[in-house]
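Q: Could you take a close look at the sheet of this protein and at what packs around it? I would like one connected account rather than a list.

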Amino acid sequence: MAIINISKHISYKEANHSDTATRRGIKNEPNDEQLAAMKVLAKNVFEPLRVHFNEPIHINSFFRSVALNKTIGGSRTSQHCTGEAIDIKGTNGITNKQLFDYIKNNLEFDQLIWEFGTDKNPDWVHVSYTTTQLNRKSILKAVKGGNPVYQVMEVGNVVEEPKTTKIVKKKSTKGVIAVKTVLNIRNKPATNAKVVGQLKNGLKVKIISEDKDWYQVKTIKFSGWVSKKYVQLK
Ligand SMILES: [Zn+2]
């Protein structure tokens, strides 16, 4: 088999190496599609960095098969599994912060993560690049014990939906619940949000705000979100 390199400075072996995979006998080889994604990332992120700093860049982790990712407890939606993400560290005096800042200020990327460490320097840098959608340019910081662990530092707002629901403030209006039996009232404007209570047909509610198909309502007992479909305005 011919030796395939991912890019000028990344060998196939280096890109797919994992101590855990070796130790546990887990196969960690990308398919053609994943390999193509890795090459695109290497070309657009890794190589420009390598050229700019003119020093080797250490790769902690690049491609991870689903089995490997599961073993190390990675996120189920990890872009490492599609070959679209890489974890890197600076060498020979190049700090991780320098890598992070250069990517942030000069390169196209989907997600850039300051992985733990301190305010001065992250432990490593995670960066992803995608061709399946517009690169979001979202910048996150992983905080140990943080809630959530990944906190937004800055978002390029290219395609990313805002994380928090934008609430359109509305002058309060009155409505009446119109359902056959009862209507669930939820803590967020989404069908999978937690149900905080149930409202009976005919109950009068105060509408405080709205968000797309949802009203935020208040009753004597509850405060939360209900589908607009089941509220008749008074
Ligand atoms: Zn990563």
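A: Two strands are taken as paired here if DSSP finds at least two bridges between them. On that basis, this predicted model holds an open sheet of six strands, in the order S3-S4-S6-S5-S7-S8, with mixed pairing. The edges of the sheet are strand S3 (57-61) and strand S8 (150-155), each of which pairs on one side only, and from one strand to the next the twist averages 30°. Strands of a sheet pair through backbone hydrogen bonds, and they may do so in parallel or antiparallel fashion.

One pairing deserves a closer look. Strand S4 (residues 85-90) and strand S6 (residues 124-128) run antiparallel and are joined by four bridges; within this pairing, Ile86 has Val127 of S6 as its bridge partner. Both residues reappear in the packing, since Ile86 and Val127 are among the residues that touch the most other members of the largest nonpolar core, a group of 28 residues in which Met38, Leu41, Val45, Phe46 and Ile103 also stand out in this way.

Across S3, S4 and S6 lies helix H3 (residues 32-53), which runs at about 140° to S3. As for the largest core, at least two residues each come from H3, S3, S4, helix H5 (96-106), strand S5 (111-115) and S6, and the greatest contribution is that of H3, with seven residues. Taking Met38 as an example, and leaving aside residues up to four places away in sequence, its contacts are Ile6, Ala15, Pro30, Phe62, Phe63 and Gly83. Apart from this core there is a second, separate one of 13 residues, which includes Ile185, Val205, Val217 and Val231. In soluble globular proteins, nonpolar side chains tend to be buried together.

A contrasting position is Ile72, which sits in the loop between helix H4 (66-71) and S4. Ile72 counts as partly exposed because it has 15 C-beta neighbours inside 10 Å, whereas a buried residue would need 20 or more. From Ile72 to Val143 the separation is 71 residues in sequence and 18 Å in space, C-alpha to C-alpha.

Finally, to place these parts within the whole chain, the domain assignment gives domain 1 (5-155) and domain 2 (168-233), and the C-alpha centres of these two domains lie 43 Å apart.

Methods. Residues numbered from 1 in each chain as written. Predicted model: local features only at pLDDT ≥ 70, side-chain atom pairs only at ≥ 80, totals over all residues. Domains from an automatic or database assignment. Axes fitted to C-alpha atoms, helices over the stretch in contact; angles between N-to-C directions. Contact = placed C-beta atoms within 7 Å. Core = buried A, V, L, I, M, F, W, Y, C linked by C-beta atoms within 7 Å. Buried ≥ 20, exposed ≤ 12 C-beta atoms within 10 Å, placed from the backbone.
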